[in-house]
Structures are given as C-alpha cells and as structure tokens.
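Biologist: Got a minute to go through this model with me? I'd like to hear about pockets, rings and strands.

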Amino acid sequence: MTPQTFATDMQAQGFDAPVDVQRPQGWHLESHAHPFHARALILSGAIVLEVDGIQRTYRPGDIFDLPPDTPHLETVPNEGGVHYLSARRASGAGA
C-alpha cells in the first residue's frame with residue numbers, strides 16, 4: 001500500500017489525515033492507551049507493540065490498528081528507528 005492510498009483509505013473511513021512519525025532506535029513508551037482509534041502504515045524500520053502481553057513486530061508495508069483505550073507498550077528495536085504514517089479517529093466516530 002502506498003502512503004497516498006493509505007491516506008485516502010483513512011480519510012474515507014473517518015480518520016484524520018495521517019501524520020508523519022519518526023522514532024529513533026531504542027525508543028520505548030511504557031504501557032498507555034489512547035482515547036482515539038489509531039492506525040498506522042510502517043514506511044521503514046520496525047516497531048514492536050505489546051498488547052495483552054503479546055508482542056508483535058511491524059515492518060515496512062505492515063499496518064497496525066489500535067482501537068480506543070487499548071493498553072499497549074511501544075518499542076523501537078535497535079535496528080535503526082522507525083518511520084510511519086499515523087491516522088487517528090475520535091472514539092465513537094465512523095465504523
């Protein structure tokens with residue numbers, strides 16, 4: 001999926017326009033949750049999300065999806081950082 005296709009799809013589904021996010025290798029964010037639905041397209045690098053004790057690594061071309069209020073941890077492995085497009089949709093908006 002191209003970044004433009006992702007942006008078009010997200011907007012059609014009621015998400016805000018995607019924003020560009022970059023995190024350095026070794027970056028980590030302890031357990032937290034967002035009050036919004038988050039979906040992201042990985043452009044380069046890798047990110048590990050842990051939800052309910054299960055870790056999953058997302059790499060270029062992968063899309064991660066976090067419904068509102070989903071507790072999770074975020075870690076960028078020591079592989080050179082991560083670059084992704086992230087879209088948000090307010091809780092209760094869209095389908």
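Modeller: Here is a chat about the pocket, the ring contacts and the strand pairing. It's a predicted model, so to speak: local features need pLDDT of at least 70, side-chain atom pairs count only at pLDDT 80 or more, and totals for chains, interfaces and linings use all residues. Residues are numbered from 1 along each chain as its sequence is written, and side-chain values use heavy atoms, with hydrogens and water left out.Biologist: How much space lies in the largest pocket?

Modeller: About 230 Å³. A pocket here is an open set of points on a 1 Å grid over the protein atoms alone, where a 1.4 Å probe fits, with protein on both sides within 12 Å along at least five of seven lines. The volume is the space filled by probe spheres set on the points, which are joined across faces, edges and corners.

Biologist: Which residues are the closest to its centre?

Modeller: Arg23, His34, Tyr84, Ser86 and Arg88, out of 16 that line the pocket. Lining residues have an atom within 4 Å of a point.

Biologist: And which elements give two or more residues to that lining?

Modeller: β1 (19-23), β2 (28-32), β3 (36-45), β6 (63-66), β7 (72-75) and β8 (82-90). Strands are DSSP runs of E, at least two residues, numbered from the N terminus.

Biologist: How does the lining divide into nonpolar, polar and charged?

Modeller: There are 9 nonpolar, 4 polar and 3 charged residues. Ala, Val, Leu, Ile, Met, Phe, Trp, Tyr, Cys and Pro count as nonpolar, Asp, Glu, Lys and Arg as charged, and the others, Gly among them, as polar.

Biologist: Switching to rings. How many aromatic pairs does a search of the whole structure find?

Modeller: It finds 2. One of them joins Phe64 and Tyr84 edge-to-face, at 5.8 Å centre to centre with 65 degrees between the planes. Rings of Phe, Tyr and Trp (its six-membered ring) pair if their centres lie within 6.5 Å; planes under 30 degrees apart count as stacked, over 60 as edge-to-face and the rest as tilted.

Biologist: Where in the chain are those two?

Modeller: Phe64 is in strand β6 and Tyr84 in strand β8, 20 residues apart, and the pair links distant parts of the chain. Ring pairs also bring in Tyr58, making a cluster with Phe64 and Tyr84.

Biologist: Is Phe64 buried or exposed?

Modeller: Phe64 is buried, because its relative accessible area is 5%. Tyr84 is buried too, with a relative accessible area of 5%. Buried means under 20%, exposed over 50% and partly exposed in between (1.4 Å probe, protein chains only).

Biologist: What lies over the face of Trp27?

Modeller: Arg23, at 4.5 Å from the ring centre. A charge sits over a ring if NZ of Lys or CZ of Arg is within 6 Å of the ring centre and within 35 degrees of the ring normal.

Biologist: OK, strands. How many bridges join β3 to β8?

Modeller: There are 9, and the two run antiparallel. Ile42 has Tyr84 as its bridge partner in β8. β3 is also joined to β6, antiparallel, by 4 bridges, and there Arg39 is partnered by Asp65. Two strands pair if DSSP finds at least two bridges between them.

Biologist: How many residues of β3 are buried?

Modeller: 7 of its 10, which makes β3 mostly covered.

Biologist: What about β7?

Modeller: β7 runs antiparallel to β2, with 3 bridges, and to β4 (residues 47-51), also with 3 bridges. Thr75 is the partner of His28, while Leu73 is the partner of Glu50. His72 and Glu74 are on the covered face of β7, Leu73 and Thr75 on the uncovered one.

Biologist: Last one: where is Asp52 found?

Modeller: In the loop between β4 and β5 (54-58). Asp52 is exposed, with a relative accessible area of 72%.

Key:
Residues numbered from 1 in each chain as written. Heavy atoms only, no water.
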